[in-house]
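Dear colleague,

I am passing on the structure we spoke about, and below it you will find my notes on the cavities, one buried side chain and the salt bridges. Please read them with the structure open beside you.

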Amino acid sequence: SLLKSDRLDLFSKIVKRSEIDSLKELVNESSYRVRDLAARAIGNFDFIDSWIRRQAALTAVEKIRTLNCQLAHLTGMPLNLKDAGITDKLARIEQVASTAMEDGAMLYNPVEPDQEDVIEIIRKVYHSKAKPLAISDDDLRSMSASSKNHEMSNVFNNKEELYNVLVEFYEMLKKNRNIGPALAKTNLCVQFRYKKPSAVITIDATGNRIKIVKGEFDGKPEVTMTMNADFAHKFWHGKANLITALTRRQVVAKGNIPKTIKLLPILRPAFSLYPNFLRKKGLEHLILD
């Protein structure tokens with residue numbers, strides 16, 4: 001990296017320019033061969049990817065537990081069901097698990113649990129030994145400042161500006177080799193109805209090719225999702241959680257919701273494309289930090 005950046009000033013004074021260029025060429029060729037060899041070697045060990053994914057998941061779980069304990073310190077809320085006032089020693093746990101299995105929120109779980117899984121979760125939450133975790137005023141100020149960086153309101157001045165950005169972005173996504181083909185296989189027709197400003201965009205993947213329709217759609221979408229345009233802007237930055245928004249009614253969805261949720265892994269690569277897309281359109285001021 002230093003060789004490529006020409007930052008080795010002292011080295012440059014000692015070694016001739018021609019020799020530096022030769023060294024750069026050697027590094028480039030060697031690093032390419034090493035990377036190629038490593039890629040082929042690691043490709044034979046799928047367990048490495050699985051292990052990394054598992055560690056990332058466990059880290060996320062631990063982060064949530066830490067936040068929960070910090071919240072308990074700030075609010076005095078209980079951290080297990082026993083302290084929350086459940087005094088029957090889980091005498092009705094079977095009934096509680098059965099009710100949970102019939103709850104509509106189960107539709108949004110990425111993994112479908114069975115009743116024994118639910119019972120095990122309830123037992124863990126009942127007997128949890130978690131303790132409140134102190135959090136400093138400095139930490140709170142830091143969190144507050146961080147959250148403000150993601151706030152931006154009235155991103156689009158009018159529906160034409162919204163169409164100019166989002167329709168073109170969706171057209172780009174359907175041509176993307178990592179997103180387009182996967183989206184086409186869903187055979188799904190999703191309509192986005194935006195507010196502030198009011199606009200309608202439909203992504204129709206039911207035919208031979210994906211269509212991006214601006215304005216009212218001459219057909220029946222399988223799913224309709226209504227949201228503020230600001231939420232859509234945050235979502236495409238990867239800074240808004242759709243599942244949370246659905247439960248909070250920030251996004252109102254009608255139709256085959258579980259099938260729509262399965263789109264999220266397909267669309268995840270778009271989060272890194274959206275800021276660059278805005279930058280190329282000269283809209284750097286709309287990029288969220």
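Leu183, Phe192, Ile203, Leu263 and Leu267 lie nearest the centre of the second largest cavity, which has 13 lining residues and a volume of about 130 Å³. Two or more of these lining residues come from each of the elements α8 (159–175) and β1, and by class the lining is made up of 12 nonpolar residues and one polar residue, with no charged ones. Please bear in mind throughout that this is a predicted model.

In total the structure holds three cavities of 30 Å³ or more, and the largest of them encloses about 150 Å³ of space. It is lined by 15 residues, of which Phe192, Met225, Phe235, Leu242 and Leu267 are the closest to its centre. The elements that contribute two or more residues to this lining are β1 (189–195), β4 (223–228), α10 (229–236) and α13 (264–267), with α10 supplying the largest share, four residues. Here too charged residues are absent, the lining of the largest cavity having 14 nonpolar residues and one polar residue. Phe192 and Leu267 are listed among the residues closest to the centre of the largest cavity, and both are also named for the second largest.

Met225 leads on to Thr260, a residue of helix α12 (residues 257–261), since Thr260 is in contact with Leu188, Val223 and Met225 once its neighbours within four places in sequence are left aside. Thr260 counts as buried because its relative accessibility is 5%, where buried means under 20%. Its side chain reaches the backbone oxygen of Asn256 at 2.9 Å.

Turning to charged pairs, the structure holds five salt bridges, and I describe some of them here. Arg193 and Glu216 meet through their side chains at 3.1 Å, N to O; Arg193 lies in strand β1 and Glu216 in the loop between β3 (211–214) and β4, so this pair ties together parts that are 23 residues apart in sequence. Arg193 is partly exposed, at 29% relative accessible area, whereas Glu216 is exposed, at 58%. Within helix α8, Glu171 and Lys174 are three residues apart, about one turn of the helix, and their side chains form a salt bridge with an N to O distance of 3.1 Å. Both count as partly exposed, Glu171 with a relative accessible area of 23% and Lys174 with 22%. Asp88 and Arg92 form a further salt bridge, in which the closest N and O atoms are 3.8 Å apart.

With best wishes

Technical notes:
Residues are numbered from 1 along each chain as its sequence is written. This is a predicted model: local features need pLDDT of at least 70, side-chain atom pairs count only at pLDDT 80 or more; totals for chains, interfaces and linings use all residues. Side-chain values use heavy atoms; hydrogens and water are left out. On a 1 Å grid over the protein atoms alone, a cavity is a set of points where a 1.4 Å probe fits but cannot get out, and a pocket is an open set with protein on both sides within 12 Å along at least five of seven lines; lining residues have an atom within 4 Å of a point. Grid points are joined across faces, edges and corners, and a volume is the space filled by probe spheres set on the points. Ala, Val, Leu, Ile, Met, Phe, Trp, Tyr, Cys and Pro count as nonpolar, Asp, Glu, Lys and Arg as charged, and the others, Gly among them, as polar. Buried means under 20% relative accessible area, exposed over 50%, partly exposed in between (1.4 Å probe, protein chains only). A polar contact is a pair of N or O atoms within 3.5 Å; within protein, one must be able to donate a hydrogen and the other to accept it, and residues adjacent in sequence count only if both atoms are side-chain atoms. Contact means heavy atoms within 4.5 Å. A salt bridge is a side-chain nitrogen of Lys or Arg within 4 Å of a carboxyl oxygen of Asp or Glu.
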